[in-house]
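Visitor: Hello! I would like to learn how to read a protein model, starting with one residue and working outwards. Could you show it to me?

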Amino acid sequence: MSRKPASTKMTDDCKMRVLGGREMTMKEYADYIQAISLKPLLTIPEASIFFNIGVNKVYQLVKDPTADFVVDSGHEKQNVRIHRVKFEQWLLSNGSKFKKKH
């Protein structure tokens, strides 16, 4: 008994729900992640999605006065941007500091 090869139709039908409740197909989600990876500055929701970290945790990390990855273009939360490369480097060197404790 031979099996048919898996079709790409299955992955096209799979949906991914991102922050804000928007549904995307896996292809749309992959394209979205690709687009974010090219941006030098990310919003907090984009950083949350790209690095797979909860948005509340990203807000908490941004409030740290020693966070050198924060680019503040105003006094409101909506104006805060995260330097993607610096944030990634920070996560690699400090990521173990904010893991859940069991």
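Visitor: Is Glu46 buried or exposed?

Guide: This is a predicted model, and Glu46 is found in its helix H3. A residue counts as buried when its relative accessible area is under 20%. For Glu46 that area is 13%, so Glu46 is buried.

Visitor: Which residues is Glu46 in contact with, leaving aside its neighbours within four places in sequence?

Guide: A good place to look is helix H2, since H2 and H3 meet through residues that include Tyr32 and Ile36 in H2 and Glu46 in H3. Leaving aside the neighbours within four places, the contacts of Glu46 are Tyr32, Ile36, Lys39 and Leu41.

Visitor: How many of the 8 residues of H3 are buried?

Guide: Glu46 has company: Ile44, Ala47, Ser48, Ile49 and Phe51 in H3 are buried as well. What covers the buried residues of H3 includes H2, E3, H4, E5 and H5. H3 is therefore largely enclosed by the rest of the structure, and its count of buried residues is 6.

Visitor: At roughly what angle do the axes of H2 and H3 cross?

Guide: Two packed helices are described by the angle between their axes and the distance between the axes. H2 passes H3 in a left-handed crossing. The two axes come within 10 Å, and the crossing angle of H2 and H3 is roughly 115°.

Visitor: How many nonpolar residues does the contact of H2 with H3 have?

Guide: On the H2 side we find Tyr29, Tyr32, Ile33, Ile36 and Ser37, and on the H3 side Glu46, Ile49 and Phe50. By class, the contact of H2 with H3 has 1 polar residue and 1 charged residue, and its nonpolar residues number 6.

Visitor: What about H3 and H4: which residues in H4 does H3 meet?

Guide: H3 passes H4 in a right-handed crossing. Their axes come within 9 Å and cross at roughly 120°. The contact of H3 with H4 divides into 7 nonpolar, 1 polar and no charged residues. From H3 come Ile44, Pro45, Ala47 and Ser48, and the residues they meet in H4 are Val55, Val58, Tyr59 and Val62.

Visitor: What is the value of phi at Asn52, just after H3?

Guide: Asn52 lies in the loop between H3 and H4. Its relative accessibility is 73%, so Asn52 counts as exposed. Most residues other than glycine have a negative phi. Asn52, a residue other than glycine, has a positive phi, with a value near 55°.

Visitor: Are H3 and H5 perpendicular or oblique to each other?

Guide: The axes of H3 and H5 come within 12 Å and cross at roughly 50°. Angles of 65 to 115 degrees count as roughly perpendicular, and those under 35 as roughly parallel. The angle for this pair falls in neither group, and H3 and H5 are therefore oblique.

Visitor: How many charged residues does the contact of H3 with H5 have?

Guide: H3 passes H5 in a right-handed crossing. Ala47, Phe50 and Phe51 in H3 meet Arg84, Phe87, Glu88 and Leu91 in H5. The contact has 5 nonpolar residues and no polar ones, and its charged residues number 2.

Visitor: Within what arc do the buried residues of H5 fall?

Guide: An α-helix has 3.6 residues a turn, so residues three or four places apart point the same way. The buried residues in H5 are Arg84, Phe87, Trp90, Leu91 and Asn94. Seen down the axis they line one face of the helix, because they fall within an arc of 125°.

Visitor: Which exposed residues does the face of H5 turned away from its buried side carry?

Guide: The buried residues of H5 pack against H2, E3, H3, H4 and E5. On the face turned away from that buried side, the exposed residues are Leu92 and Ser93.

Visitor: Is Gln89 buried or partly exposed?

Guide: Gln89 is found in helix H5. Buried residues have under 20% relative accessible area and exposed ones over 50%. Gln89 has 49%, so Gln89 is partly exposed.

Visitor: How far apart in space are Gln89 and Phe69, C-alpha to C-alpha?

Guide: In sequence, Gln89 and Phe69 are 20 residues apart. In space, the distance from C-alpha to C-alpha is 9.1 Å.

Note on methods
Residues are numbered from 1 along each chain as its sequence is written. This is a predicted model: local features need pLDDT of at least 70, side-chain atom pairs count only at pLDDT 80 or more; totals for chains, interfaces and linings use all residues. Side-chain values use heavy atoms; hydrogens and water are left out. Axes are lines fitted to C-alpha atoms, for helices over the stretch in contact, and angles run from 0 to 180 degrees between N-to-C directions. Helices (H or I, at least four residues) and strands (E, at least two) are DSSP runs, numbered from the N terminus. Angles under 35 degrees count as roughly parallel, over 145 as roughly antiparallel, 65 to 115 as roughly perpendicular and the rest as oblique. A crossing is left-handed if the near helix is turned anticlockwise from the far one by less than a right angle, and right-handed if clockwise. Contact means heavy atoms within 4.5 Å. Ala, Val, Leu, Ile, Met, Phe, Trp, Tyr, Cys and Pro count as nonpolar, Asp, Glu, Lys and Arg as charged, and the others, Gly among them, as polar. Buried means under 20% relative accessible area, exposed over 50%, partly exposed in between (1.4 Å probe, protein chains only). The arc is that of the directions from the helix axis to the C-beta atoms.
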